[in-house]
Amino acid sequence: MKSLTLALVLAFATAGFGHTQALAQTAEVKLTRLDCGDMGERDVAWFSDAHSFDGVKKPFVASCYLIQHGQDYLLWDAGFGPGAKRDDGSPIVKTTILQQLTTLGVDPKAVKFVGISHIHGDHTGQAGDLPAATLLLGKGDWDKIKAANKSDDPLVHWVSGAGKSEPVPGDKDVFGDGSVVMLNMPGHTDGHHSLLVKLKATGYVLITGDLAHFHEAYDGNEVPGFNTDRADSLASLDRFKKIAQNLKATVIIQHDPRDIAKLPAFPKAAE
């Protein structure tokens with residue numbers, strides 16, 4: 001009876017994101033920002049369905065993140081493909097993820113997981129360069145790309161069954177110790193996720209995915225007209241902001257170049 005009671009206590013103590021933080025975090029965790037594209041200035045009118053940004057242009061970047069957890073790595077988002085071009089024909093990607101991994105001295109085979117916030121092409125473009133990794137993707141987005149079954153999708157390696165994949169229906173404690181957690185934040189797409197990283201010195205870092213694309217959209221709870229669900233978008237923004245407040249987290253908006261300086265400049269890592 002005592003062993004059964006202990007098992008039940010442990011099960012409840014470790015169930016769900018809210019309780020995984022209590023687990024002992026023993027592995028060293030580091031967070032490095034990777035450059036996955038620079039789009040230059042873009043018209044942002046369509047990033048508010050309330051016309052808050054009509055006539056406004058803002059610079060956009062594509063940021064990816066390498067999280068080291070002991071001897072394992074998670075790549076968060078995969079940016080644009082190397083052939084992507086701006087409207088003027090100049091390249092969006094100047095240095096690939098693989099080239100940046102080489103600079104860091106990281107063997108691509110050591111990347112255990114590729115976590116994708118959502119299935120838009122500016123977040124999936126270079127994922128196929130890490131075929132040995134397990135793909136972590138929100139279930140709503142996984143179901144959509146499985147149904148589409150496009151041969152030119154950047155995630156086709158996993159969709160075809162050639163690579164290991166895990167559709168993520170809710171929150172996902174990636175390494176099982178609360179240090180790296182995919183947060184279910186639907187609305188931008190059906191399976192959209194953000195990422196929470198706990199660092200020993202820096203504290204908590206919250207990475208948005210495309211929950212919001214720039215500061216003014218985040219601050220104003222703006223919803224792009226192309227999001228899949230407005231109510232889900234607002235609910236996710238509310239949850240994200242409460243987590244940020246409760247954990248006193250550093251919030252990083254992936255597309256906003258003003259947030260690049262919140263982490264050490266490449267190749268240095270936040271610890």
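Here is a short tour of one helix, one buried threonine and two cavities.

Before you click on anything, note that this is a predicted model, in which local features need pLDDT of at least 70, side-chain atom pairs count only at pLDDT 80 or more, and totals for chains, interfaces and linings use all residues. Residues are numbered from 1 along each chain as its sequence is written, and side-chain values use heavy atoms, with hydrogens and water left out.

**Stop 1: helix α8**

Select residues 230-247, which make up α8. (Helices are DSSP runs of H or I, at least four residues, and strands are runs of E, at least two, numbered from the N terminus.) How far apart are the end C-alpha atoms of α8? They sit 26 Å apart, which agrees with the 26 Å that 18 residues should span at 1.5 Å a residue; the expected span is 1.5 Å times one less than the number of residues.

Now color S233, S236, L237, F240, I243, A244 and L247: these are buried (under 20% relative accessible area; exposed is over 50% and partly exposed in between, with a 1.4 Å probe and protein chains only). They cover an arc of only 130° around the axis, so they fall on the same side of α8; the arc is that of the directions from the helix axis to the C-beta atoms. Spin to the other side of α8 and you'll find A231, Q245 and N246 exposed.

Next, go to the ends. D229 caps the N-terminal end, with a side-chain oxygen 3.1 Å from the backbone nitrogen of A231. After α8 comes K248, whose phi is positive, near 50°.

**Stop 2: T208**

Pick T208, in the loop between β10 (203-207) and α7 (215-219). Is T208 buried or exposed? It is buried, with a relative accessible area of 0%. Its side chain reaches the backbone nitrogen of Q254 at 3.2 Å.

**Stop 3: the cavities**

Rolling a probe the size of a water molecule over the atoms shows where empty space is left. On a 1 Å grid over the protein atoms alone, a cavity is a set of points where a 1.4 Å probe fits but cannot get out, and lining residues have an atom within 4 Å of a point. Two cavities of 30 Å³ or more turn up here.

For the largest, at about 40 Å³, select R33, S63, Y65, I252, I253, Q254, D256, D259, I260 and L263. Q254, the partner of T208, is part of this lining.

The second largest holds about 30 Å³. Its lining includes M185, H188, D210 and N227, along with S233 and S236, both buried residues of α8.

Notes:
On a 1 Å grid over the protein atoms alone, a cavity is a set of points where a 1.4 Å probe fits but cannot get out, and a pocket is an open set with protein on both sides within 12 Å along at least five of seven lines; lining residues have an atom within 4 Å of a point. Grid points are joined across faces, edges and corners, and a volume is the space filled by probe spheres set on the points. A polar contact is a pair of N or O atoms within 3.5 Å; within protein, one must be able to donate a hydrogen and the other to accept it, and residues adjacent in sequence count only if both atoms are side-chain atoms.
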